[in-house]
Amino acid sequence: LLSPDNYVNNVSERLALSQELDNCKNEEALDIFINSLTDRFGELPEAVVELCESIKLRWLAKSIGFEKLVIKSKKMLGYFVAKQDSAYYQSPKFTAVLKYIQTNPKNCKMNEKNSKLRLVYSDVDSIAKALSNLRLIEN
């Protein structure tokens, strides 16, 4: 996900803005960042909206317990904590994930690949769909 050249045409400024976005740690900071962009450059193009939504997705994935989240080929892969004896696997968060998988087997499945436990969602073709799927687990 990239900011279009015609929205912010200076490369160094785009990089600085990307870093500033990456440093947003909560919804309030993200809202301030978005308002600042809108004030300086006008209405956000779809690519920038997606970029901002991807930050929310990262936060949500982390709160569920994923170390890494990948979206490619219309699949979303959430990689759980690599350390098998981690306390996470005894936590209410992991229990909620297991419960969700059991009640929604068509939406997602859990498997292990290369000794890494992961959650696999199919038919994920956007950041919005990814967010929607993870919010179901969180609730």
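Is Lys56 buried or exposed? Keep that question in mind while you get your bearings, and remember that what you have open is a predicted model.

**Stop 1: the whole chain**

Start with the cartoon view of everything. You should find 5 helices and 4 strands. Trace the chain from the N terminus and the elements come in the order α-α-α-β-β-α-β-β-α. Along its principal axes, the C-alpha trace spans about 45 × 30 × 30 Å. If you colour by burial, 36% of the 139 residues count as buried. How much of the contact in the chain is between residues far apart in sequence, 24 or more positions? Taking the contacts with a separation of 6 or more, 53% are between residues at least that far apart.

**Stop 2: Lys56 and its partners**

Now select Lys56 and show its side chain. Here is the answer to the opening question: Lys56 is buried, because its relative accessible area is 19% and the cut-off for buried is under 20%.

Next, add Glu53. Glu53 and Lys56 form a salt bridge, and their closest N and O atoms are 3.0 Å apart. Both residues sit in helix H3, 3 residues apart, which is about one turn of the helix. Glu53 is partly exposed, at 22% relative accessible area.

Then add Glu27. This residue also makes a salt bridge with Lys56, with 3.4 Å between the closest N and O atoms. This time the pair links distant parts of the chain: Glu27 belongs to helix H2 and Lys56 to helix H3, 29 residues apart. Glu27 is partly exposed, with a relative accessible area of 39%.

As a bit of background, side chains of opposite charge can pair when their charged atoms come close.

**Stop 3: another salt bridge**

The structure holds 5 salt bridges, so there is more to look at. Select Asp123 and Lys129: they form one of them, with the closest N and O atoms 3.3 Å apart. Asp123 counts as partly exposed at 42% relative accessibility, and Lys129 counts as partly exposed too, at 32%. Before you move on, put Glu27, Glu53 and Lys56 back on screen: salt bridges with shared partners join these three into one network.

**Stop 4: two helices side by side**

Select residues 11–22, which are helix H1, and residues 27–41, which are helix H2. At what angle do H1 and H2 pack? The angle is about 155°, and the axes are 10 Å apart. That makes H1 roughly antiparallel to H2, because angles over 145 degrees count that way.

Show the side chains where the two helices meet. From H1, you want Glu13, Leu17, Glu20 and Leu21. From H2, pick Leu30, Phe33, Leu37, Arg40 and Phe41. Sorted by class, this contact has 6 nonpolar residues, 3 charged ones and no polar ones.

**Stop 5: the largest nonpolar core**

Time to go inside. In soluble globular proteins, nonpolar side chains tend to be buried together. Here, the largest nonpolar core has 23 residues. Which members touch the most others? Select Phe80, Leu119, Tyr121, Leu134 and Ile137 to see them.

Now colour the elements that each give two or more residues to this core: helix H3 (46–64), strand E2 (75–80), helix H4 (92–103), strand E4 (116–122) and helix H5 (127–138). H5 provides the largest share, 5 residues.

Zoom in on Leu134. Not counting neighbours within four places in sequence, Leu134 is in contact with Leu57, Leu60, Ala61, Ile64, Phe66, Leu69, Met76 and Tyr121. Apart from this core lies another one, made of 13 residues, including Val8, Cys24, Leu37 and Ile55.

**Stop 6: two asparagines**

Finish with a pair of Asn residues. Select Asn133, which lies in helix H5. Asn133 is buried, with a relative accessible area of 10%. Leaving out neighbours within four places in sequence, Asn133 is in contact with Met76, Tyr121 and Val124.

Now jump to Asn114, in the loop between strand E3 (108–113) and E4. Asn114 counts as exposed, at 66% relative accessibility. For a last distance, draw a line from the C-alpha of Asn114 to that of Lys129: the two residues are 15 apart in sequence and 27 Å apart in space.

How values were computed. Residues are numbered from 1 along each chain as its sequence is written. This is a predicted model: local features need pLDDT of at least 70, side-chain atom pairs count only at pLDDT 80 or more; totals for chains, interfaces and linings use all residues. Side-chain values use heavy atoms; hydrogens and water are left out. Axes are lines fitted to C-alpha atoms, for helices over the stretch in contact, and angles run from 0 to 180 degrees between N-to-C directions. Angles under 35 degrees count as roughly parallel, over 145 as roughly antiparallel, 65 to 115 as roughly perpendicular and the rest as oblique. Contact means heavy atoms within 4.5 Å. Ala, Val, Leu, Ile, Met, Phe, Trp, Tyr, Cys and Pro count as nonpolar, Asp, Glu, Lys and Arg as charged, and the others, Gly among them, as polar. A nonpolar core is a set of buried Ala, Val, Leu, Ile, Met, Phe, Trp, Tyr and Cys residues joined through side-chain atoms within 4.5 Å. Buried means under 20% relative accessible area, exposed over 50%, partly exposed in between (1.4 Å probe, protein chains only). A salt bridge is a side-chain nitrogen of Lys or Arg within 4 Å of a carboxyl oxygen of Asp or Glu.
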